[in-house]
Amino acid sequence: MTRFEFIVDGPPVSQQTRRRERLRAWKSIVRQEAEKCCSPEQKVATGPIMLQVTYFYDAIAIDVDNIVKPIQDAIIGLAYIDDDQVTDVLVRKRNLSGNFKVENMTPTLAEGFSRGNEFLHIVVMDAPDQEVLI
């Protein structure tokens, strides 16, 4: 089973930014953080993948639809062969000053909260059954 999660500090860079160098730099950071969390035994997934991305912000949040594409691109060849394997995506944002409850807190997510800054929590996992829609 493919599953790993990682944290990226700070706000994401939108796929729509005109500052392409900034986008390339941010993708590099995303990849570096993902590489830290991949075990050496972990193989690149060859089947369908699901991404779950949560952006915990404290000021102005960008649109969630502009968050996921740079992340998908950054982990090609690390989590999966190509981003066309991503069949399911859950992207959300939550205000760090807001009220929300975290169920099933993982050590990685707890680490993100402990840093005290905006961050993204990214989970890569096998996609759910492709023959079942909820």
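**Strand β2 and its neighbours**

I49, L51, V53, Y55 and Y57 point one way from strand β2, while M50, Q52, T54 and F56 point the other way, and all of these residues are buried. I begin with this strand, and I should say at once that what we are looking at is a predicted model. Strand β2 covers residues 49-57, and nine of its nine residues are buried, so that counts as a mostly covered strand.

Let me turn to the partners of this strand. With strand β3, which covers residues 86-95, β2 pairs in the parallel sense, and the pairing runs over nine bridges. To pick out one position, T54 has R92 as its bridge partner in β3. Between these two strands the chain passes through helix α2, residues 68-74, and the resulting β-α-β crossover is right-handed.

β2 also pairs with strand β4, residues 119-126, and here the sense is antiparallel, with eight bridges. In this pairing, Y55 of β2 stands opposite L120 in β4.

If we follow the chain onward, we come to D129, which is found in the segment after β4. Is D129 buried or exposed? Neither word quite fits, because its relative accessibility is 47%, and a residue is called exposed only over 50% and buried only under 20%, which leaves D129 as partly exposed. A polar atom of the D129 side chain lies 2.8 Å from the backbone nitrogen of E131. D129 can also be placed relative to P48, since the two are 81 residues apart in sequence, while their C-alpha atoms are 9.2 Å apart in space.

Now I step back to the whole chain. How many helices and strands does the protein chain have? There are three helices and four strands, and read along the sequence they follow the pattern β-α-β-α-β-α-β. The C-alpha trace spans about 40 × 35 × 30 Å along its principal axes. For 134 residues, a compact globule would have a radius of gyration near 14 Å, and because this chain has 15 Å, the value agrees with that expectation.

As for covering and contacts, buried residues make up 43% of the 134 residues, and the accessible surface comes to about 7900 Å², with 49% of it belonging to carbon and sulfur atoms. Among the contacts with a separation of 6 or more, 80% are between residues 24 or more positions apart.

To return to where I started, β2 has a parallel pairing with β3 and an antiparallel pairing with β4.

How values were computed
Residues are numbered from 1 along each chain as its sequence is written. This is a predicted model: local features need pLDDT of at least 70, side-chain atom pairs count only at pLDDT 80 or more; totals for chains, interfaces and linings use all residues. Side-chain values use heavy atoms; hydrogens and water are left out. Buried means under 20% relative accessible area, exposed over 50%, partly exposed in between (1.4 Å probe, protein chains only). Two strands pair if DSSP finds at least two bridges between them. A crossover is right-handed if, with the strands pointing away from the viewer, the path from the first strand over the helix to the second runs clockwise. A polar contact is a pair of N or O atoms within 3.5 Å; within protein, one must be able to donate a hydrogen and the other to accept it, and residues adjacent in sequence count only if both atoms are side-chain atoms. The radius of gyration is taken over C-alpha atoms; the globule rule is 2.2 Å times the number of residues to the power 0.38. Contact means heavy atoms within 4.5 Å. Accessible areas come from the Shrake-Rupley method with a 1.4 Å probe; for residues, only the protein chains shown count as cover.
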